[in-house]
Amino acid sequence: MPVHVFKCGYANTYLIEEDGSFAAIDVGTFWAAEEIYRYLRSRSTDTASLRMATATHFHIDHIGGMSRLTKLFPGMKVFFYVKVGDYMARKDKICLFSFFSWIRDLRPALISCDDHGKNLPAALKSDWAGTPIPLLRTHLLSIPEVFCTLDGDRPMPYLRNWKLIKTPGHTNDSICLYNPIEKTLISGDTILNMEGSGELNRFCCDQDSIKESFKALSLLNIERIYPGHGETLSNIEGLGAVLRYI
Ligand SMILES: [Zn+2]
Ligand SMILES: [Zn+2]
């Protein structure tokens, strides 16, 4: 059950292959959508093999390629976590970061990223839904038809070996995807690897919640982490490798 990694924007995109079909996670740019299309065509795989797409949270760098993906794969379904349904129904708003947090926690990550020449144009040409800025966050919600039904209490559609883990903190709709058989975690922006050995994200709407989320994750048997940003963490023994910032 491989997880294929695509680096086509600020966030990582993952393509889970399971039982001959595929699920796309965090398609952050039109570029990521087109690379998935190219990859599946190169394997002579029918476009119907991409069954579903989802995101670890409703931020622009994780969902900006969704409308391009739905055009390329018309038979695919987009599923989001139930909290995203509250944004779309305007019952809730995407949480905002404090000004202090933008300066202290996001700026170092942007400085350490050396691929702005490719990433920024790709982001600007993609959907702007999920922009965590006042005014924009309430106006830029429109992406193609989605099913906001994912919940930790229900099985994941088309991903029978994966579980949804609720991990609020970075945002209140943050989730991770966990495969207990492969001992693998797709961690979104809850656990990052911008510094080489993994770290709990400091850029958060709620610092207390992310620490609680980390405690819940640390009970899981994890050997590999696919973070939202940075390289894959392999051969780790639990989350001891990412204890910093607790
Ligand atoms: Zn991100
Ligand atoms: Zn984020």
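## Helix α8 and its two faces

In this predicted model, helix α8 spans residues 207–217, and its residues Ile-210, Ser-213, Phe-214 and Leu-217 are buried, where buried means that 20 or more other C-beta atoms lie within 10 Å of the residue's own, exposed means 12 or fewer, partly exposed lies in between, and C-beta atoms are placed from the backbone. Helices here are DSSP runs of H or I with at least four residues and strands are runs of E with at least two, both numbered from the N terminus. The four buried residues cover an arc of only 100° around the axis, which puts them on the same side of α8; the arc is that of the directions from the helix axis to the C-beta atoms. An α-helix has 3.6 residues a turn, so residues three or four places apart point the same way.

The face of α8 turned away from the buried side carries the exposed residues Asp-208, Lys-215 and Ala-216. The cover over the buried residues of α8 includes β7, β8 (175–179) and β11 (199–200), with contact taken to mean that the C-beta atoms of two residues, placed from the backbone, lie within 7 Å.

## The chain and how the model is read

Residues are numbered from 1 along each chain as its sequence is written, while chains are lettered from A and ligands numbered from 1 in the order in which they are written. Because the model is predicted, local features need pLDDT of at least 70 and side-chain atom pairs count only at pLDDT 80 or more, whereas totals for chains, interfaces and linings use all residues.

The chain has eight helices and twelve strands, and its C-alpha atoms fill a box of roughly 45 × 40 × 40 Å along the principal axes. For 246 residues, a compact globule would have a radius of gyration near 18 Å, and the 17 Å of this chain agrees with that; the radius is taken over C-alpha atoms, and the globule rule is 2.2 Å times the number of residues to the power 0.38. Buried residues make up 43% of the 246 residues, and among contacts between residues at least 6 apart in sequence, 65% join residues at least 24 apart.

## The sheet of four strands

One open sheet has four strands in the order β7-β8-β9-β12, with mixed pairing, two strands being paired if DSSP finds at least two bridges between them. Strands β7 (163–166) and β12 (224–227) stand at the edges with a single partner strand each, so one side of each is left without a neighbour in the sheet. From one strand to the next, the twist averages 25°, where axes are lines fitted to C-alpha atoms, for helices over the stretch in contact, and angles run from 0 to 180 degrees between N-to-C directions.

Strand β9 (residues 184–188) pairs with β12 in the parallel sense over four bridges, and Tyr-226 in β12 is the bridge partner of Ile-186. Gly-188 also belongs to β9, and this glycine is buried, with 28 other C-beta atoms within 10 Å. Beyond its neighbours within four places in sequence, Gly-188 is in contact with Thr-56, His-57, Ser-174, Ile-175, Cys-176 and Gly-228.

## The sheet of six strands and the nonpolar core

A further open sheet has six strands in the order β1-β2-β3-β4-β5-β6, again with mixed pairing, and its edge strands, β1 (3–7) and β6 (147–150), each pair on one side only. Strands β4 (residues 50–54) and β5 (residues 77–81) run parallel and are joined by two bridges; the partner of Met-52 in β5 is Lys-77. Helix α1 (residues 30–42) lies across β1, β2 (12–18), β3 (21–25) and β4, running at about 135° to β1.

The largest nonpolar core, a set of buried Ala, Val, Leu, Ile, Met, Phe, Trp, Tyr and Cys residues joined through C-beta atoms within 7 Å, has 62 residues, and those with the most contacts inside it include Ile-36, Ala-53 and Leu-69. Its largest share, six residues, comes from α1. Outside its neighbours within four places in sequence, Leu-69 is in contact with residues including Ala-24, Ile-36 and Met-76.

## Two residues with positive phi

Most residues other than glycine have a negative phi. Asp-19, in the loop between β2 and β3, has a positive phi near 55° and counts as exposed, with 10 C-beta neighbours inside 10 Å. Asn-235, in the segment after β12, likewise has a positive phi near 55°, and is exposed with 7 other C-beta atoms within 10 Å.
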